[in-house]
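Reader: I've got a fold to look over before my coffee goes cold. Could you walk me through it?

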Amino acid sequence: MACCTDTTSRIVVRLDLDEALLDYDYSKITCGREINGNSRLKKYLTGKPIKSIVAASFPQIEAILRFDEDEQFLAYLEWDALQNALLQYT
């Protein structure tokens, strides 16, 4: 069985002048197939200040949004990418 080792992730973040999240675009390409971000996670985080996003843990967000098994892992990857991008920014 062949294992896929070709994965790429990309995130583009837009903030307002008060450093609150306006929008972000997250995508992951694995084995030639693109996986887009979770719209529920984006909707929940949009408008929140950077400080509250980086202070939140994934279990806290997961408890609010209650992802099903299929979306939980991909939502975690998206949240992790956003957290890291915001931490690098700050």
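Author: Sure, one definition to begin with: buried means under 20% relative accessible area, exposed means over 50%, and partly exposed is in between (1.4 Å probe, protein chains only). The model is a predicted one, where local features need pLDDT of at least 70 and side-chain atom pairs count only at pLDDT 80 or more, while totals for chains, interfaces and linings use all residues. Residues are numbered from 1 along each chain as its sequence is written, and side-chain values use heavy atoms, with hydrogens and water left out.

Reader: What share of the residues in the protein chain is buried?

Author: The protein chain has 90 residues. Going by the under 20% cut-off, the buried share of them is 29%.

Reader: And what pattern does the protein chain follow along the sequence?

Author: Helices (H or I, at least four residues) and strands (E, at least two) are DSSP runs, numbered from the N terminus. The protein chain has three strands and four helices. Read along the sequence, they give β-β-β-α-α-α-α.

Reader: Which elements do the buried residues of helix 3 pack against?

Author: Helix 3 covers residues 58–65, and its buried residues are F58, I61, E62 and L65. They sit on the same side of helix 3 because they cover an arc of only 100° around the axis, the arc being that of the directions from the helix axis to the C-beta atoms. On the other side of helix 3, P59 and I64 are exposed. The packing partners of the buried residues are helix 1 (39–45) and helix 4 (69–89).

Reader: Which residue just after helix 3 takes a positive phi?

Author: Look just past the end of helix 3 (58–65). The phi there is about 50°, and the residue is R66.

Reader: How are the rings of F58 and F67 arranged?

Author: Rings of Phe, Tyr and Trp (its six-membered ring) pair if their centres lie within 6.5 Å; planes under 30 degrees apart count as stacked, over 60 as edge-to-face and the rest as tilted. By that rule there are four aromatic pairs. For F58 and F67, the centres are 6.0 Å apart and the planes are at 5°, so the pair is stacked.

Reader: Are F58 and F67 buried or exposed?

Author: F58 has 8% relative accessibility, and F67 has 7%. With the cut-off at under 20%, F58 counts as buried, and F67 likewise counts as buried.

Reader: How about the rings of F58 and Y76: stacked or edge-to-face?

Author: F58 lies in helix 3 and Y76 in helix 4, so this pair ties together parts that are 18 residues apart in sequence. Y76 is partly exposed, at 35% relative accessibility. The ring centres of F58 and Y76 are 5.3 Å apart with planes at 85°, so the pair is edge-to-face.

Reader: Which residues form the aromatic cluster?

Author: F58 pairs with F67 and also with Y76. The one aromatic cluster is made of F58, F67, Y76 and W79.

Reader: Now charges. Which residues are joined into one network by salt bridges?

Author: A salt bridge is a side-chain nitrogen of Lys or Arg within 4 Å of a carboxyl oxygen of Asp or Glu. R14 and D23 form one, with the closest N and O atoms 4.0 Å apart, and D23 forms another with K42, at 3.4 Å. D23 lies in strand 2 (residues 21–30) and K42 in helix 1, so that pair ties together parts 19 residues apart in sequence. Through shared partners, the network joins R14, D23 and K42.

Reader: How far apart in sequence are E71 and R40?

Author: The side chains of E71 and R40 meet in a salt bridge at 2.8 Å, N to O. E71 is in helix 4 and R40 in helix 1, so to speak distant parts of the chain, and the separation is 31 residues.

Reader: Last one: which ring does the charged end of K48 sit over?

Author: A charge sits over a ring if NZ of Lys or CZ of Arg is within 6 Å of the ring centre and within 35 degrees of the ring normal. K42 lies over the face of Y24, 5.5 Å from the ring centre. The charged end of K48 is 4.4 Å from the centre of its ring, which belongs to Y44.

Conventions:
Contact means heavy atoms within 4.5 Å.
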